[in-house]
Amino acid sequence: MQIRGLLGSLLVATLSIPGDCRAQQAQQPPAHPVQSGMGGIASGVVAAPVYDAKRRPITAGGFVDSGPVVFQDITKAAGLSGWRHKMGVPEKNFIVETNGSGVALLDYDNDGWLDIYLVNGSTFDALDGKEEPPHAALFHNNHDGTFTNVALQAGVTNDRWGYGVSVADYDNDGWPDIFVGNYGKNRLYHNNHDGTFTDVAEKAGVTLGNWSSGSAWGDYDGDGLLDLYVSGYVHFDRNNLPISGSKAMGHGSCQYRGEIVNCGPRGLKGEPDHLFHNNGDGTFTDVTAKARVEDKDHYYGFTSIFIDLNGDGKPDLVVGNDSMPNYLYFNKGDGTFEDDSYRSGFALNNDGREIASMGIAAGDYENNGQVDFFITDFGDDYKVLFHNDGNVSYTDVSYRTGLAQPTIPFVGWGDGFIDFDNDGWLDLFMVNGHVYPQVDKHDWGTSFAERPLLFRNVPDGLTKRRKFELVPAVEGSGLAVVVPGRGAAFGDLFNDGKIDVVINSMDGLPVLLRNVNPDQHHWVELKLIGGPKSPRDATCATAYLTANGMRQRQDVLASGSYISSNDRRLHFGLGDATDPGTVEIHWPSGAKQTVKLPAVDCIYTIAEGVGITDELCGGKPCAERGAAGKTEPQAKP
């Protein structure tokens, strides 16, 4: 969330905004650092405020009167407005009250339609039994554009101080399970196949106990069973509360632009990360040290993702750390990892600085077969696009691609690479919201509630590469929604081939943005089912679709964005092509499979070693086509 603390305040005189901001900052030197004392700062200086024509901060303004409407806010019409997120008190006196919660998209009942799981926070009074704790929500998809909250019946209300969520079928029974990271003991909800879940975290040995933020699933040792990585954030001690000027903070002052704010994470003890090996009997063993992914310095971990970065079929691990260098662990294939964080270029930004890494979007935005990363960050600092140069080597190309300058005023959280217009090129969506309510009391050019940002992937005529252009936010449309956003998940909620967005907002209603972009482009989606030697839900499988003169890559991931979980089905935009092409699937088992797809605008289920076993068009079974790779449908699990 925040970046530098006492060290940052000592360095403030020598730090400057990189790239295009240098001249601007030289003309307007800051009166004080972004943050001093034991809190954190982004770049060491206050970025020049940006306002729109109505003198609104660009974080809550900058709208246009007309233009194409890409997303429409349908929260109320979809039935989600009866649930509200709550975390601490409005004043946000402590860091535990500021980070917000994640959201997951999953088909928990295997009916072919995505449901929505929204994690809730809590309050100190709830922890002390003085008030009813806030509940998480599980919204069942009714197939008609509406959703019904069934969390209580399903047994997944959590009732603890919730943060992150990830989804995976850890026991290979064909049904998705849910892991929730909490301040306090974690939850592992096992799917009972009847619309209900049972918390088995105690038996599984993954409760931990202080503050777990994000989590990730991946079969790191190739035994066909999904293992669990849990990111630790801050060790928050209620018996020694981190208050500005207190003993807990070394009597240091926690300030943001001269205003006293909640303290941390700098100056607070971190909570370590953990890697749990799946034993195959419903239990897990902590193998963090054995696998050589020890978080020895207890960095402030947020989002983590297992993903195969070099095409060897073994999932590597990336971790976004708040205010500290990021981790990139290379899977050596012998049950251990090698820390390639610095050598890969993933640890720091282009200026050699750590950033406040919150959300991580993973995707191949250049269609060259390599996984790139976009990482959200605190305000007064640009958000970082790491370009994969090959051989697991990354370069910060944020300014070159047009993403740096527009993102500086925003405090970024959830993010995703999505092809919102189905043209075959991955675009970027970013959810924003400040952490200090105090910003609304000052004319600082920022706001507590902020609007999301959508960037379109376009060709760069000068370099013959790709860059991103900000899509204008039309007044009254989904891009003009102003909320203190945190977690976000991306997926095709209506089985219409368009990627929608669900946002978990701090202390407010969720936001469901339906994709109503007017394009008529074609698409295909793939649900993958692993064979006996792969995880059943195909986590960390990679698919390459060759169609429309390009080769696209998509990966099956159990986590991402900001401590959230996206649609696990792989989505490929096809532009105007009417031939869906051929997909080459690299399964976690190491097997490779090629399948010719029958038709565009369909959702195909492909089983490892078998082929297409099911297909949906418009949310309903497609007519028989006698297509290559088609087999008799398998029985539902």
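## A polar contact at S166

The side chains of S166 and W217 are joined by a polar contact of 2.9 Å. This contact belongs to a predicted model. S166 is a residue of strand β7, which covers residues 161-168. Its relative accessible area is 0%, so S166 is classed as buried, the limit for that class being under 20%.

Leaving aside residues up to four places away in sequence, S166 touches D177, I178, F179, S215, W217, A558, S559 and S565. W217 thus appears in this list of contacts as well as in the polar contact with S166.

## Confidence in the model

The mean pLDDT of the protein is 91, and 91% of its residues reach a value of 70 or more. Residues 1-44 have a pLDDT below 50, and in the model this stretch makes 128 contacts beyond near neighbours in sequence. The pLDDT is also below 50 over residues 625-637, a stretch with 28 contacts beyond near neighbours in sequence.

## The surroundings of A104

A104 is located in strand β3, which spans residues 103-106. With a relative accessible area of 0%, A104 falls under the 20% limit and is therefore buried. Not counting residues up to four places away in sequence, A104 is in contact with D115, I116, Y117, V165, V167 and S565. S565 is thus a contact of A104, and S565 is likewise a contact of S166.

A104 can also be placed relative to I178. The two residues are separated by 74 residues in sequence, while their C-alpha atoms lie 8.8 Å apart in space. I178 is among the residues that S166 touches.

## An open sheet of four strands

Strand β3, which holds A104, takes part in an open sheet of four strands. The order of the strands is β3-β4-β5-β6, and their pairing is antiparallel. Strands β3 and β6 (147-149) form the edges, each pairing on one side only. From one strand to the next, the twist averages 20 degrees.

Within this sheet, strand β4 (residues 115-118) pairs with strand β5 (residues 137-141) in the antiparallel sense, over three bridges. I116 has F139 in β5 as its bridge partner. I116 is also one of the residues touched by A104.

## Two disulfides

The structure holds two disulfides. A disulfide is a covalent bond between the sulfur atoms of two cysteines. One of the disulfides is formed by C254 and C263, whose sulfur atoms are 2.0 Å apart. The torsion about this S-S bond of C254 and C263 is about 105 degrees, so the disulfide is right-handed. C254 and C263 are both buried.

A disulfide also joins C602 to C617, with an S to S distance of 2.4 Å. The link of C602 and C617 is right-handed, with 80 degrees about the S-S bond. This pair connects distant parts of the chain, 15 residues apart: C602 is in strand β38 (residues 602-607) and C617 is in strand β39 (residues 611-617).

## Accessibility of three cysteines

C602 has a relative accessibility of 1% and therefore counts as buried. C617, its disulfide partner, has a relative accessible area of 21% and is partly exposed. The class of C617 follows because partly exposed residues lie between the limits of 20% and 50%. C540 has a relative accessible area of 9%, so C540 is buried.

Methods
Residues numbered from 1 in each chain as written. Heavy atoms only, no water. Helix = DSSP H or I, 4+ residues; strand = E, 2+ residues; numbered from the N terminus. Buried < 20%, exposed > 50% of the residue type's maximum accessible area, 1.4 Å probe, protein only. Contact = heavy atoms within 4.5 Å. Polar contact = N/O pair within 3.5 Å; in protein donor to acceptor, adjacent residues only side chain to side chain. pLDDT = per-residue confidence, 0-100. Disulfide = S-S within 2.5 Å. Pairing = 2+ DSSP bridges. Axes fitted to C-alpha atoms, helices over the stretch in contact; angles between N-to-C directions.
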